[in-house]
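Hi,

Here is the structure I promised to pass on to you. Have a look at it first, and then read on for what turned up.

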Amino acid sequence: RLMLPRCEQLFLTRVWSATAGDTLLPLDLAPFRIVEKTRIPASPRDDVPTEFLRLRRLGQATDRLPPD
């Protein structure tokens, strides 16, 4: 979390499942926008849907990133 203010790009994996556990990493994603999203539906191999997100920071910081 300490480095998040310095990040210009994030790669986030979301697994849409309710699981038991006690670990949580709250992130403020408001300063970022989604630039790529890949959804993988549930299947016989993985019984829950998953999303892969690529996010870029809003504002001038994104101007320094190489083009896609």
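Leaving aside residues up to four places away in sequence, Cys 7 touches Phe 32 and Arg 57. Keep in mind as you look that this is a predicted model. You will find Cys 7 in the segment before β1. Along the chain, Cys 7 and Phe 32 are 25 residues apart, and their C-alpha atoms are separated by 9.9 Å. Is Cys 7 buried or exposed? Neither word fits: its relative accessibility is 25%, and buried means under 20% while exposed means over 50%, so Cys 7 counts as partly exposed.

Now for the overall plan. The chain has zero helices and three strands, and from the N terminus on its elements run β-β-β. The three strands form an open sheet in the order β1-β3-β2, with antiparallel pairing. At the edges are β1 (9-15) and β2 (32-40), each of which pairs on one side only. From one strand to the next, the twist averages 20°.

How do the strands hold on to each other in the model? Here are the two pairings:

- β1 and β3 run antiparallel and are joined by seven bridges. To see this pairing on screen, find Thr 13, which stands opposite Phe 52 in β3.
- β2 pairs with β3 (residues 50-57), also in the antiparallel sense, over eight bridges. Here you can look for Arg 33, whose bridge partner in β3 is Arg 56.

How many of the eight residues of β3 are buried? Seven of them are, and this strand is mostly covered. For the chain as a whole, 21% of the 68 residues count as buried.

Next, the inside. In soluble globular proteins, nonpolar side chains tend to be buried together. In this model, the largest nonpolar core has five residues: Leu 4, Leu 10, Phe 32, Leu 53 and Leu 55. You have met Phe 32 already, as one of the residues that Cys 7 touches. Another core member, Leu 53, is worth clicking on. Not counting residues up to four places away in sequence, Leu 53 touches Leu 10, Phe 11, Leu 12, Arg 14, Ile 34, Glu 36 and Lys 37.

For a contrast with the core, go to Ala 18, in the loop between β1 and β2. Its relative accessibility is 83%, and because the cut-off for exposed is over 50%, Ala 18 counts as exposed. The C-alpha atoms of Ala 18 and Val 48 are separated by 9.6 Å, with the two residues 30 apart along the chain.

Finally, two totals for your notes. Among contacts in the chain with a separation of 6 or more, 57% are between residues 24 or more positions apart. The chain exposes about 5,800 Å², and carbon and sulfur atoms supply 55% of that area.

If you would like a place to start, colour the three strands and follow the order β1-β3-β2 across the sheet. Then show the side chains of the five core residues, Leu 4, Leu 10, Phe 32, Leu 53 and Leu 55.

Happy exploring, and best wishes

Note on methods:
Residues numbered from 1 in each chain as written. Predicted model: local features only at pLDDT ≥ 70, side-chain atom pairs only at ≥ 80, totals over all residues. Heavy atoms only, no water. Pairing = 2+ DSSP bridges. Helix = DSSP H or I, 4+ residues; strand = E, 2+ residues; numbered from the N terminus. Axes fitted to C-alpha atoms, helices over the stretch in contact; angles between N-to-C directions. Buried < 20%, exposed > 50% of the residue type's maximum accessible area, 1.4 Å probe, protein only. Contact = heavy atoms within 4.5 Å. Core = buried A, V, L, I, M, F, W, Y, C linked by side-chain atoms within 4.5 Å. Areas by Shrake-Rupley, 256 points an atom, 1.4 Å probe, with all protein chains shown as cover.
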